[in-house]
Amino acid sequence: MNDSLVLSSSSVIEATAISIAFIVAMFIGSKFLPGRRVELTDAEGGTRSFRLNGVALLVVTLIVVGGAHALDWLDLGGIHARFFALFVVANVFAFLLSGYLYWRGKSVERASVQDFLLGRDLNPLFIGEDLKFFSYRPSLIALALFNVSFAVVQFETYGHLSRAMTLYQLFTLVYVFNYFQFEYGMVHTWDIVSERFGLMLVWGNYVLVPFFYCIAGWWLVHAQSDLSVGAATGLVVLFIVGFWMFRGANEQKHRFKQETDVKIWGKPVETLDGRLLVSGFWGVGRHLNYTGEICVYLAFILTIGLESWIPYLLPAWLIGLLLHRSRRDDRRCREKYGELWDRYTERVRFSMVPYVY
Ligand code: NDP
């Protein structure tokens, strides 16, 4: 059996120690590393404050962990070796944290199983930190560390990195780095603004993202075949186009929400009643940010070629999630904007793929 799927009592104890040390380090880093603070008024009228230091946290973590590996103080390959044990511990942690959030929740009076799943509070605090916003850090930084550990194991086993693994590492590092670079925009996203923090988001952050979203890297470690130069070039193009749509659409909306009088693609912004953007990507499709993200994930997964069908579960899952989300968001916007939303959907008829959907 693959070493990383072995579960023994010693691997579980080690995985528990690693997980606790990691979460505590992430929390201390989030609390004390320098970063701009932004304040927002939440849906319930309260004020929330976030420190945007995710880039610093990611960079410091990679330097510290990479340095410790180079000095033989820790073995990055050990993360890969304990993959399944870490997965078990992360699940236990997710249930414990959700139980804690349920127990101390205040906003929803009558607690039920549904409140355990969906959460009771929008923005629970722990020692002054917004736990929901914080949780994206261990989530994505763990994803980055898993990926690095896969590269280390491949290099130590075979003496080189395959072309597929090199591309996969570049793509995923750019993606994670960009998430933190765009943290100022993430504070306005649906999850942060409107979702309560319960098992669903907790499990998504601490289990689904780190353990499932790295699936292609896990498979690439011992892959038998590699990408041709032509296939690699195709994937780079797919990644760049996807990233341009994903990041570009999010950035355009963010700039518009900050200041309605901006230029998009070199022209003064076009809007419906100054409230809905119809310039740039938002004039081509209502959710091209989702489409772009799907292309980015396809580029991650296609690095494994025909090695296995299992990693393709990730883009399949993401397509399902974002299709469902686009419908839910359309319903929400129709309620919020009323007739203006109808005008928008008449003008921008397609959601994710022009002329198709
Ligand atoms: P969006 O960033 O697309 O935000 C949707 C909101 O934007 C709407 O509710 C509306 O809110 C506003 N809006 C919509 N159209 C317009 C317009 N034309 N002009 C101005 N405002 C508009 O959605 P999410 O918060 O769902 O997603 C954020 C990012 O996170 C996306 O890039 C998505 O791909 C990514 N994501 C990734 C996941 C993953 O697992 N990898 C999972 C989920 C999301 P308002 O009330 O402010 O007007």
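User: Why is Pro34 called exposed?

Analyst: Happy to walk you through this predicted model. Pro34 has a relative accessibility of 63%, and exposed means over 50%, so Pro34 counts as exposed. You can find Pro34 in the loop between helix H1 (9-32) and strand S1 (36-41).

User: How far is Pro34 from Gly54, in sequence and in space?

Analyst: Along the sequence, Pro34 and Gly54 are 20 residues apart. In space, their C-alpha atoms are 9.6 Å apart.

User: What about Glu195: why is Glu195 called buried?

Analyst: The relative accessible area of Glu195 is 16%. Buried means under 20%, so Glu195 is buried. Glu195 sits in the loop between helix H9 (190-194) and helix H10 (199-212).

User: What makes the pair Glu195 and Arg328 a polar contact?

Analyst: The two side chains come to 2.9 Å. A polar contact needs a pair of N or O atoms within 3.5 Å, and the side chains of Glu195 and Arg328 make such a contact.

User: Why does Arg332 count as partly exposed?

Analyst: Look in helix H15 for Arg332. Its relative accessibility is 32%, and partly exposed lies between the 20% and 50% cut-offs, so Arg332 counts as partly exposed.

User: Which residues gather with Arg332 in a patch of positive charge?

Analyst: Lys253, Lys257, Arg275 and Lys336 join Arg332 in that patch on the surface. Lys and Arg count as positive. Helix H12 (229-258) and helix H15 (313-337) are the elements that give two or more residues to the patch.

Methods. Residues numbered from 1 in each chain as written. Predicted model: local features only at pLDDT ≥ 70, side-chain atom pairs only at ≥ 80, totals over all residues. Heavy atoms only, no water. Patch = residues over 30% accessible without salt bridge, like charges linked within 9 Å, V, L, I, M, F, W, Y side chains within 5 Å. Areas by Shrake-Rupley, 256 points an atom, 1.4 Å probe, with all protein chains shown as cover. Salt bridge = Lys/Arg side-chain N within 4 Å of Asp/Glu carboxyl O. Charge placed at Lys NZ, Arg CZ, Asp CG, Glu CD. Helix = DSSP H or I, 4+ residues; strand = E, 2+ residues; numbered from the N terminus. Buried < 20%, exposed > 50% of the residue type's maximum accessible area, 1.4 Å probe, protein only. Polar contact = N/O pair within 3.5 Å; in protein donor to acceptor, adjacent residues only side chain to side chain.
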